[in-house]
Structure formats: C-alpha cells, structure tokens
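Here is a short report on one chain and its ligand. Please keep the sequence and the 3D view open while reading.

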Amino acid sequence: MTGIYAENSEGIFKKSVLEAAAYASQISTDGVIAVCIGEPNAGEADKLSKYGVTKLIVVEGLHSFDAQNYSKAIAANLEGIKTLILANTYEGKSIAPRVSVLMNGSLATNVVSLPDMSNGFTVKRGVFSGKGFAYVQLNRENKIVAITPNSIELKENPVSISIVKTSVSESEKLTQITSTNKTAGKIPLTEAEIVVSAGRGMKGPENWGMVEELAGLLGAATACSKPVSDMDWRPHSEHVGQTGITIKPNLYIAIGISGAIQHLAGVSSSKVIVVINKDPEAPFFKAADYGIVGDAFEILPQLIAAAKAAKN
Ligand SMILES: Cc1cc2nc3c(=O)[nH]c(=O)nc-3n(C[C@H](O)[C@H](O)[C@H](O)COP(=O)(O)OP(=O)(O)OC[C@H]3O[C@@H](n4cnc5c(N)ncnc54)[C@H](O)[C@@H]3O)c2cc1C
C-alpha cells in the first residue's frame, strides 16, 4: 500500500500534494491512503480522489505546524503503508527525515522522476544545488520519497474516496507551540509557478514597487539575489541561490541579476527563464530561454502595461 502526506494550507491541498497523489497512484497496485493534519475544506478530498487517493485519514488535535508532532502523527497512521510520498516543500522537507527514522525506511528527497522498478526502486534526484542528478536505489522495505514540486505530471486517476478521522491528545504531543506569527496573503516562493526576481540592477529598495506590481499581475511570488537581501532591500526569505532557497517554477523572470553561478544554483531548474539585463554580456543570458537586453526601468513599465492589457 502506498501513502501520501497531504499537506494543507488553511484547509486547501496545493498542487504539490496532487502531484504526490498522482505519483503514488502510478506506483501503487492497491490504492493510495492520504494522511492530512487538520480538517480540509469542503470539496478538497474530491481533489485527491481525482488523482487516485482512495482513503483520507484526517488527524485532528494539532493546530500549528510542528515537525516533531506532525511526523509522529503521520507515522502513527501509516499502518500497512510501505511507501510514503511527500512534496519536497518546507514542511515536507522537515517531516520526511523524521518519518523515515520512525518507519525505519530508506529516504530520497528532491526526487524528480517516477521510480524505475526494473532496477529495484531507483529514483532520479537533484543534487549539488540542482547542477546534477543522482540515481538512488531505495533498498529498505519501507520507502520515503519527497518529490520536487512541478516535476511530476498531474496524471488523473479518478476513484472514490472514504474519509476517517482520528485525533492526537494533549499528552501525546512532543512539543507545544504557544504562538505563531504568519505572513498573510503571499504566495510561498517554493510553491510558486511563476517567480519575479530582481537583483542589484534595481538600484534600491524604493524601486521594488514595479517588481511587486508585475508579480501581483502574474500571480507570482517575488524573489531576489543574495546581495539584495544582505543589504536589507528585501527579506532573507526571498533570497534564492546556493546559500538561499532552491526553486523550480514554471517561469522565472530575472530582472537586473547578473547570473552568477551561486545564483543559478538555486534557479537553473526553472522550466522557462526570462532575463532582463542592460548588459548583453551578462552571464545570465547563457541560461535564459528568452532574453531582453535593456534598462529594467524602461522594460518593467511596458511589461506591467502588457500584463494589465492581457487581464482586461
Ligand atoms: C559562497 C557564495 C555564495 C553565494 N550565494 C549566493 C546565492 O545564494 N544567491 C545569489 O544571488 N548570490 C549568491 N552569491 C553572490 C553571487 O556571487 C553574486 O555576487 C550575486 O548573485 C550578484 O547579485 P546581483 O546579480 O543582484 O548583482 P550584480 O552582480 O551587481 O549584478 C547586477 C546586474 O544588474 C544589471 N543591471 C544594472 N542596472 C540595470 C538596469 N537598469 N536594468 C537592467 N539590468 C541592470 C547589471 O548589468 C548586472 O548584470 C554567493 C557568493 C558566494 C561567494
């Protein structure tokens, strides 16, 4: 039996969870069980059933994300499950190794392919900050696979789904979160399908209004280069690259970023890269699918106007 961890954000299953479900249903011969923490919104379970999930176990009693409590609760509901699939998100990355220890299983993170069953259970995973791939065979009976968002085809496999509820009591909790402080209304960078990113070419934090406006019109998250966050022009949570976050959106728009190797390490797996730079020799153009040579302060207003026109 194959399982997935169905991470939910305020009751909603994101695309990366549906990808985990599609992945699991393609390797399972006897159904897919999803475990989620907290009650999903009405209709959300149907989204999972469209991708082959036959049973949803809803764990109640945990109110804020805590990797230790979540991992313990997930592992406690994996009876009969030999393979667990998660999305390689912030949450998935913290849970996968913990559940792997609790299941005494083999773990692969950053996975970008379905397993090759003719070769044991071998998966392809991104390594060296996305600069290479490794093929890893998972040898233990229990297997934990964390898949990179946007890597797996969303193949439908509609089935009917049953829902069961269970709960964690206060005494079973390993830790207790007393308060959380959440940034509301923003698209998480690691999950965004479109990212608008800018670098030192924007000259100063006062010019980020244009970057944010374009991102808003495209439904994109914003990101930045390391010096930009080092200078406090933007928060560190937006810093992408070797020492920042690794992302793999469908579209990455880089504005006034030179394309240093350390920056590319975090973004080069993006499906389509668009570079805007006034220097035709900027290294980023070598990694770009589309390039615009020109001044960002002239090009951004034109892109914003075009995005507005396309919306109307
Ligand atoms: C160990 C190590 C780790 C690092 N990790 C990271 C990392 O994780 N992420 C990261 O980003 N960097 C990282 N760096 C830094 C990296 O080497 C580069 O210095 C950095 O990416 C450069 O940022 P930038 O492109 O914004 O700035 P710059 O190199 O200053 O480039 C600015 C670009 O903007 C262009 N430009 C200027 N004005 C305009 C305009 N008006 N319109 C259009 N284009 C314009 C310029 O032509 C230039 O190409 C790391 C470095 C080291 C040594």
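Which of the 26 residues around the ligand come nearest? They are G199, G201, S225, K226 and G241. The model is predicted.

## Ligand shell

Four elements give two or more residues to the shell around the ligand. Three of the four are helices: α6 (226–230), α7 (261–267) and α9 (296–311). The other is strand β15 (272–277). By class, the shell holds eight nonpolar, 13 polar and five charged residues.

P227 sits in helix α6. Is P227 buried or exposed? Neither label fits: P227 counts as partly exposed, because 15 C-beta neighbours lie inside 10 Å, and a buried residue would need 20 or more. P227 and H239 are 12 residues apart along the chain. Their C-alpha atoms are separated by 8.7 Å.

## Strands around β15

β15 pairs with two strands. Strand β14 (residues 251–255) runs parallel to β15, and five bridges join them. Within this pairing, I253 has V274 of β15 as its bridge partner. Strand β16 (residues 290–293) also pairs with β15 in the parallel sense, over four bridges. Here V275 stands opposite G291 in β16.

Which hand does the β-α-β unit made by β14, α7 and β15 have? The unit is right-handed. Two of its members, α7 and β15, are also among the elements that give two or more residues to the ligand shell.

## Two domains

The domain assignment splits the chain into domain 1 (2–172) and domain 2 (189–311). Their centres, taken over C-alpha atoms, are 31 Å apart. How many residues of domain 1 are in contact with domain 2? The count is 12, and they meet 12 residues of domain 2. On the domain 1 side, the touching residues are two nonpolar, eight polar and two charged.

## Helix α3 and its cover

Helix α3 (residues 67–76) has these buried residues: N69, Y70, S71, A73 and I74. What covers them? The cover includes the strands β1 (2–5), β4 (32–37) and β5, together with α4 (90–103).

## Two threonines in strands

T54 is found in strand β5 (residues 53–60). T54 is partly exposed because 18 other C-beta atoms lie within 10 Å, while the buried class starts at 20. Setting aside residues up to four places away in sequence, T54 touches G31, V32, I33, V159 and I161. T54 and A20 are 34 residues apart in sequence. Their C-alpha atoms are 14 Å apart in space.

T166 has its place in strand β11 (residues 162–167). T166 is also partly exposed, with 13 other C-beta atoms within 10 Å; the exposed class takes 12 or fewer. Where sequence neighbours within four places are left aside, T166 is in contact with I57, V59 and N77. T166 and V59 are 107 residues apart in sequence. In space their C-alpha atoms are 5.0 Å apart.

Note on methods. Residues numbered from 1 in each chain as written. Predicted model: local features only at pLDDT ≥ 70, side-chain atom pairs only at ≥ 80, totals over all residues. Near = placed C-beta within 6 Å. Nonpolar A, V, L, I, M, F, W, Y, C, P; charged D, E, K, R; others polar. Domains from an automatic or database assignment. Contact = placed C-beta atoms within 7 Å. Pairing = 2+ DSSP bridges. Right-handed = clockwise from strand over helix to strand, strands pointing away.
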